[in-house]
Amino acid sequence: MSPAVEAEQKIEKRGDGQHTKKMAPGYANVYGKWDRMQKSLNLSEPQMRAIDDINLRFKKSYLKRAEKLAPLKMRIERLKLDENPNYGEIETVLKEIAPIKTALQLERMKHKDAIRKTLNPEQRRKFNAISDKRKKRGHRKSGGFFRGRH
């Protein structure tokens, strides 16, 4: 197991009795901050271990797909910068990207469902409320022309 994955899995108990997750650089908990999730849902130790395993499985799967996606996204950016962009080639690359993005979206849905299944009914209600609140405030990437990447 790589040092990054080992660091990703570590959970330590803080002085106040709460748990905190040591995250490897470049990794983030997909559904919010670990401390906040543990506290707001009042997760048990077995639930925390189960969710940690779910997160690790998801990240491994996600990284495999992200590795395929990154060069295609770079190629699109390079093609867009051409003086006379070849839209046929751009379309071909976009068609390669589409199934990868679809798979990532489906994987995120499965990930969220797997987490939900580890929760009791009251925790699920709170988890769903947190998820809905995040959706409403546009937690995911914002759209539009100016996203700070240009």
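Five helices and two strands make up the chain in this predicted model. In sequence order, these elements follow the pattern α-β-β-α-α-α-α. Of the 150 residues in the chain, 27% are buried. Among contacts with a separation of 6 or more, 54% join residues 24 or more positions apart. The exposed area of the chain is about 10,700 Å², and 54% of this area is supplied by carbon and sulfur atoms.

The packing of two helices was examined in further detail. Helix α3 spans residues 45-81 and helix α4 spans residues 87-117. The two helices pack at an angle of about 165 degrees, and their axes lie 10 Å apart. Because angles over 145 degrees count as roughly antiparallel, α3 and α4 are therefore assigned to that class with respect to each other. The crossing in which α3 passes α4 is left-handed. The residues that form the contact of α3 with α4 comprise 17 nonpolar, three polar and ten charged residues.

A further set of results concerns I130, a residue of helix α5, which covers residues 121-136. The relative accessible area of I130 is 35%; this value places I130 in the partly exposed class, because that class lies between the limits of 20% and 50%. When neighbours within four places in sequence are left aside, I130 is in contact with S40 and L41. The C-alpha atoms of I130 and M37 are 9.4 Å apart in space, although 93 residues separate the pair in sequence.

Key:
Residues are numbered from 1 along each chain as its sequence is written. This is a predicted model: local features need pLDDT of at least 70, side-chain atom pairs count only at pLDDT 80 or more; totals for chains, interfaces and linings use all residues. Side-chain values use heavy atoms; hydrogens and water are left out. Axes are lines fitted to C-alpha atoms, for helices over the stretch in contact, and angles run from 0 to 180 degrees between N-to-C directions. Helices (H or I, at least four residues) and strands (E, at least two) are DSSP runs, numbered from the N terminus. Angles under 35 degrees count as roughly parallel, over 145 as roughly antiparallel, 65 to 115 as roughly perpendicular and the rest as oblique. A crossing is left-handed if the near helix is turned anticlockwise from the far one by less than a right angle, and right-handed if clockwise. Ala, Val, Leu, Ile, Met, Phe, Trp, Tyr, Cys and Pro count as nonpolar, Asp, Glu, Lys and Arg as charged, and the others, Gly among them, as polar. Buried means under 20% relative accessible area, exposed over 50%, partly exposed in between (1.4 Å probe, protein chains only). Contact means heavy atoms within 4.5 Å. Accessible areas come from the Shrake-Rupley method with a 1.4 Å probe; for residues, only the protein chains shown count as cover.
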